[in-house]
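Here are a few short exercises to work through with the model open beside you. Try each task before reading its solution.

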Amino acid sequence: ETAAQMQALIAEAAAERRAVQPATSFKPHYDVLVVGAGFAGSVMAERLANDAGKKVLVVDRRPHIGGNAYDLPNEDGILYHLYGPHIFHTNSEEIFAYLSRFTKWRPYEHRVLADVRDMLVPMPINRTTLNMLYGANLQTEDEAEKFLESRAEPVDEIKTSADVVVSKVGTELYKLFFQGYTRKQWGMDPSELDKSVTSRVPTRTNTDDRYFTDTFQAMPLDGFTRMFENMLDHPNIDLRLGVEWEDVRREVTYDKLVFTGPIDEYFGYRHGKLPYRSLRFRHETIDQEVFQPVAVVNYPSEDVPYTRITEYKYLTGQLAPKTSITYEYPSAEGDPYYPIPRPENQALYKRYEAMALAEPDVLFVGRLATYRYYNMDQVVGQALATYRRFKAAEEERQDA
Ligand code: FAD
Ligand code: UDP
């Protein structure tokens, strides 16, 4: 869109923006109302209360804190993640140190196997994967590199999630590991998705079989939910769960709003719905000590409807005679979990972002509010940066 069109959008949004509600005598007043008790909302609330001394009300429509990272024990006392497996990893010392104020950690390096051709092979594709699949005997990185080069199909300009993989490993491995999985997960072909999606998964010529290579890889020792409890445990923070923010906003007054829900929902879908991909989870308790050889097994074939199975004991280190697992079934309907990275969706988001920029008293933070396929650590980083900008602006105002 041209600059002029963007200006017009901003002006239109400014004219219609919902005013914040100034203090009145009969309603409880908060400095900040935070919508959403996930990573984005909880980090913002903690900083605002603890660092800036603000009085904060956090609301969430779900009956619990933690957002999508919420975990809980099942009827047998075995921890599982209600919204699918969450594995913490980051290269940021700052983010790891910040979260370490609220939890101890259990070191955990994530490993994933893919179920292909009746074998379980390492994913990301590495030298072991190649040797197992092709009965090969590639001994060095050099040999594996040459092997992949002989299969790779050059692509002029890497634009899509298909280009990323085909240009590195060729069509056969692309189809085996990526095409079916992606079609299931996103309901569209990798060629229709931005390159950033499959770029999340590397290809290796060594035998490193870890899913992530980040400096810090660990799980909160007592679970994510306990970590969130510690973050939100502050005399300046009030919490209301199982409520829509639109209902709460009538009952209280506040100066600033932090919004971490879907940005298109906030603006009443003015420009149309932003596409989000959802999942249905099938949680099971299995009456055996171990179900599968690693925490996650991926099922890239379109012959099975789920994408992966997670066994939580590997993440938590819990010992028990039974084990908890989750199947993930992708779906178009349901809670918004994944923003769908493709150019037309980004363009639609930009229209909402322009409206957001016209709301100086509202801060949009998190995966849904900024429509970004962010990991947990990236959301924490974004929230900390947003808070720093908020604080700097406040200090500037006070100085003026
Ligand atoms: P959310 O956690 O979605 O929190 C937003 C909250 O706002 C929700 O609780 C919602 O109920 C509430 N809300 C929204 N609208 C309203 C409203 N109108 N009124 C009241 N409340 C409202 N990241 C990793 O780093 N590692 C992983 O292994 C990993 N695995 C994942 C697996 C799955 C299946 C999914 C879906 C995500 C995974 N992620 C992972 C990403 C991670 O979940 C997110 O980065 C993070 O949880 C986003 O936090 P958030 O606060 O932005 O959003
Ligand atoms: N992917 C794939 N096959 C796999 C693993 C991943 O095709 O075995 C693709 C798929 O499109 C997936 C994306 O790579 O959505 C990113 O994978 P990641 O494991 O990071 O997904 P997430 O944990 O965020 O669901």
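A residue counts as exposed if 12 or fewer other C-beta atoms lie within 10 Å of its own, as buried if there are 20 or more, and as partly exposed in between. Keep in mind that this is a predicted model.

**Exercise 1. Sort Asp118, Tyr371 and Thr253 into buried, partly exposed or exposed.**

Step 1. Start with Asp118, in the loop between β7 and β8. It has 5 other C-beta atoms within 10 Å, so Asp118 is exposed.

Step 2. Go on to Tyr371, which you will find in the loop between β17 (362–364) and α12 (376–399). Here the count within 10 Å is 26 other C-beta atoms, so Tyr371 is buried.

Step 3. Finish with Thr253, a residue of strand β11 (253–259). Its count is 18 other C-beta atoms within 10 Å, and therefore Thr253 is partly exposed.

Step 4. Now look at the backbone. Asp118 has a positive phi of about 60° although it is not a glycine. Tyr371, also not a glycine, has a positive phi of about 50°.

**Exercise 2. Work out the strand order of the open sheet of seven strands, and explain why β8 and β16 each have one side without a neighbour in it.**

Step 1. Trace the order: β8-β7-β13-β14-β15-β12-β16, with mixed pairing.

Step 2. Check the ends. Because β8 (119–123) and β16 (338–339) are at the edges and each has a single partner strand, one side of each lacks a neighbour in the sheet.

Step 3. Recall how such pairing works: strands of a sheet pair through backbone hydrogen bonds, either parallel or antiparallel.

Step 4. Zoom in on one pair. Strand β7 (residues 112–116) runs antiparallel to β8, and five bridges join the two. Val112 faces Met123 of β8 across this pair.

Step 5. Follow the chain out of β8. The peptide bond between Met123 and Pro124 is cis, with omega about 0°. Pro124 belongs to the loop between β8 and α4 (127–134).

Step 6. Add the helix. α6 (residues 161–186) lies across β7, β8, β12 (276–286), β13 (296–298) and β15 (323–331), and its direction makes an angle of about 100° with β7.

**Exercise 3. Find the residues with the most contacts inside the largest nonpolar core, and say which element gives the core its largest share.**

Step 1. The largest nonpolar core has 86 residues, and Val34, Met44 and Val56 have the most contacts inside it.

Step 2. Helix α6 provides the largest share of this core, 11 residues. At least three residues come from each of domain 1 (3–69 + 222–273 + 340–399) and domain 2 (126–200).

Step 3. List the contacts of Val34. Leaving aside neighbours within four places in sequence, Val34 is in contact with Gly41, Met44, Ala45, Val56, Leu57, Val58 and Val258.

Step 4. Set this against a general trend: in soluble globular proteins, nonpolar side chains tend to be buried together.

**Exercise 4. Describe how domain 1 and domain 2 are placed and where they touch.**

Step 1. Taken over C-alpha atoms, the centres of domain 1 and domain 2 are 38 Å apart.

Step 2. Count the contact: five residues from domain 1 and six residues from domain 2 take part.

Step 3. Classify the side of domain 1 that touches domain 2: four residues are nonpolar, none is polar and one is charged.

Step 4. For a sense of scale, pick Thr253 and Phe147. These two are 106 residues apart along the chain, and 64 Å separate their C-alpha atoms.

Methods: Residues numbered from 1 in each chain as written. Chains lettered and ligands numbered in written order. Predicted model: local features only at pLDDT ≥ 70, side-chain atom pairs only at ≥ 80, totals over all residues. Pairing = 2+ DSSP bridges. Helix = DSSP H or I, 4+ residues; strand = E, 2+ residues; numbered from the N terminus. Contact = placed C-beta atoms within 7 Å. Axes fitted to C-alpha atoms, helices over the stretch in contact; angles between N-to-C directions. Core = buried A, V, L, I, M, F, W, Y, C linked by C-beta atoms within 7 Å. Domains from an automatic or database assignment. Nonpolar A, V, L, I, M, F, W, Y, C, P; charged D, E, K, R; others polar.
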